[in-house]
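Me: Please give me a close look at the aromatic rings in this model. Cover the charges set over them too, and finish with a strand pairing for context.

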Amino acid sequence: MLVSAMTDVRNIRLHSGPSITPADAEANRWSFALESAGLGVWDSNLVTGQCYYSPTWKRMLGYREDELGDRSDLWLTLIHPDDRQRAIESGERHISGEIPQIETEFRLRHKDGHWVWVLDRGRVVEWDENGNPSRMIGVQTDISDQKNAEHQLTLLNERIQLALDAGQVGLWHFNIETETVLWDRRMREIFGIGPGPEEVPRATWHNLLHPDDAARAEREIESTFETGEPMKTSYRIVKPDGEIRHVFALARLVRHATMPDMLMGSIWDITEEVLNAEALAREKDLYRITLQSIGDAVLTTDVDNNITFANPAAEKLLQRDADDLVGSQLDEVLNLVDEATANALPSTTSRAMQLGETIEGGENVVFIRSDGMRRSLRDIASPLFDLAGAITGSVLVLQDVTTARNLQRELSHAATHDALTGLLNRTAFEAAASSLMERSGGNTLHALLYIDLDRFKMVNDTLGHAAGDALLKLATSSMNTALPATAIIGRLGGDEFAALLPIASFDEAEETAERLIDEIRTIRLPWGGKIQNIGASIGIAALDEPGVTLAEAIARADAACYAAKAEGRNRSAVYNIATGAARQNLASIQAASGILEALSEGRLEVYGQEIRAISNTSDDGICIEILSRMTGDDGNIIAPAEFIPAAERFGLMGIVDRWIIQHTLETYGLKVMDMENVSIAINLSANTISDPTLWPFLQAAMEKTGVAPSRLIFEITETTAINNYEAAEHFVREARASGCRISLDDFGTGLSSFGYLHHFKVDSIKIDGAFIERLSDSRLDQAVVASIGGIARELGVDVIAEHIEDAQAVDILKSLGIGYGQGFLFHRPQPLEALLSRLESAEAP
């Protein structure tokens, strides 16, 4: 019918006339139908190559009926290049009989340039006498709207799938009529059941619910099925491998007139969000508890500096409840001032928000409470940011450092002041004096007073330190009264003080010193039923003499003070370089200073002097007494008599003794140990004996150097033993127990020398040289030596005579039974290195 109709339609164009035949009417109907349906017809003569294109086909592409022509390949000139081959192949396959008809989609170019999607359907309608196809007819339908809809649907599906993939969302639906459950790939992944078909057993979901959440989840999905109300919930699932996951689920009942009812839903894994939320909640709770419990006050503000939070510490500090504080302007609540200037201070939060960084307040911040109490604060403010980096407010931490700052002031005062008198200590006094000298620039004359209390030591030693402390406080009060307010006063140590005062002339300094002496002389201390009093000796030295340092000025004033004491005490003396006593005292001070320099510069040396046997004895050992010598700046040797007294006066002998012990053992210990019969004797001063760490020091030195205790003899003077009896007795006991020997030096100088031998266990005694120097001419000295020798033999200790310088004395000593001697007659002291080398050579075969 279509073929005949198409033939009629084509023929209508070849005839004219007013009459309408039935065939014409039929053709008009087909033409109207084609126009109404928008179908484009093509009729191709496969023999002649001509092809008819209906007007509707041309209008479909935007052309008039008289345009384009009837070429058989016309459609190929309009087809989209990407579709050409597919369309040609579809026609060829139909002509060859491979497929029953042509049915393909492709694009044709519209007259205005855009592409029109068409559905091409056609088939062979005539064959020649040989059975070969000779004519084909087809219809092309404009399906552009359908294609656009499909394209939009594809894009929509892709967007939905992208959203589902991005959100890790799984989809499911339940067909109520068939009771089938469909899960997409993501659903299977979320529940951990692995890849498989979309349809899953209905019990799958129920079996994977967490036991604690199963009843609630099933009840909620049942409610959605019964009421039609959408479900929105979360619950836990247990994957087949036992892992517990949190999911969020949505479900909706879908009803459609032409479809059975179904439940549709989505699920996504929210485990990380739940765990993060729980961790955040725990952290928030921890922060809340921390803020509530810490001792520092914490306030937060908004961008307008209004308080938004206050912890209990802030309530306590500001003496206001948090409800009262929140909403208040921070600067109205926080009354801060600079302690140094008393100026009001703004809080640091505004500056922190302005600069966008943490700001720390100054060191002198003080908060004045409503009750007037002042608290020292340390304030630190930091800005608060939102996720976009915008400042939303600030947090202010206020640390109440009142106690710490008070303690710091106390420590600072303690570091610079004497705890007993409240005066500057030596270091602070020297710093203050130096600073004053720098500020004056030499325009003001200053005098230095060195003040030493007379008779203080006697009171302190006899009545105890409490009485001594009371006297020092009274003396300090006298100084504060008698000295001008401009004076700088310091306690240098013990009962020694110093004062620096500006003066118009040196006469003023002497007058001030005399006034202070008179003031101190009036001190009366009732103690132990008696009245105790003291005096003062004062040395005065100029501080502004060109080239004189503060240390030199103090040394000069000290020397002058010593001269004042030597002249009878309770008086003052002015340092004068031409004055003998002051000059000598200064020399002593300088000698003490020179000892420390000599030690640091390696100018202290050890010498040795042999102790020889003078009577028949079975002891063939060699004993060497260790002596010291100091080399001056000019290279000349300084004898011990010139620096040892200064070292003893200024408490340096402990340092000297330790250096001698350590240097001797470390440098010569191995050589001594290599010589079979050599021992060394080392002198110990009173300062050294009184040191409680002496024996541990000696033990460590012997262990380090490998020197055997049996090779060491320690000499202690009788005076030292008497004045430091407990310390000396303890040392002697420890030393002898380890194998060392002890020699009591200068024996005979004390009134109770023989009595001490009952309690003081020694190995030998050395008779004081004063009894030996005149031994030949003094029958008394001979009697003393004879007595010492006799008692020593009774006690079983060796006796050594010192300072032997003539042969006649040796004969007398032999007759008195004295076994050993030491002096210039036998051996003059020489460097220990040379002495040991000589003895080593003498031993060599």
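Reply: The rings come first, then the charges, then the strands.

This is a predicted model, where local features need pLDDT of at least 70, side-chain atom pairs count only at pLDDT 80 or more, and totals for chains, interfaces and linings use all residues. Residues are numbered from 1 along each chain as its sequence is written, and side-chain values use heavy atoms, with hydrogens and water left out.

Start with the count: there are seven aromatic pairs (rings of Phe, Tyr and Trp, the last by its six-membered ring, with centres within 6.5 Å; planes under 30 degrees apart are stacked, over 60 edge-to-face, the rest tilted). Trp 183 and Phe 191 are one of them. Their centres lie 4.8 Å apart, with 35 degrees between the planes, and the pair is tilted. Trp 183 is buried, as is Phe 191 (under 20% relative accessible area, with over 50% exposed and partly exposed in between; 1.4 Å probe, protein chains only).

Now go to Trp 695 and Phe 731. This pair is edge-to-face. The centres are 6.0 Å apart and the planes make 75 degrees. Trp 695 belongs to helix H25 (residues 694-705) and Phe 731 to helix H27 (residues 725-738), so the contact ties together parts 36 residues apart in sequence (helices are DSSP runs of H or I, at least four residues; strands are runs of E, at least two; both are numbered from the N terminus). Both Trp 695 and Phe 731 are buried. Phe 714 joins these two rings in one aromatic cluster.

Next, the charges. Arg 629 lies over the face of Tyr 607, 5.2 Å from the ring centre (NZ of Lys or CZ of Arg within 6 Å of the centre and within 35 degrees of the ring normal). Arg 828 places its charged end over the ring of Phe 824, at 4.2 Å from the centre.

Last, the strands. Strand E19 (residues 391-400) runs antiparallel to strand E12 (residues 297-302), with six bridges between them (two strands pair if DSSP finds at least two bridges). Val 395 of E19 stands opposite Thr 300. E19 also runs antiparallel to strand E18 (residues 374-385), and nine bridges join these two. Ile 380 has Val 397 of E19 as its bridge partner. E18 and E19 form a hairpin with five residues between the strands. There, Gly 389 takes a positive phi near 90 degrees.
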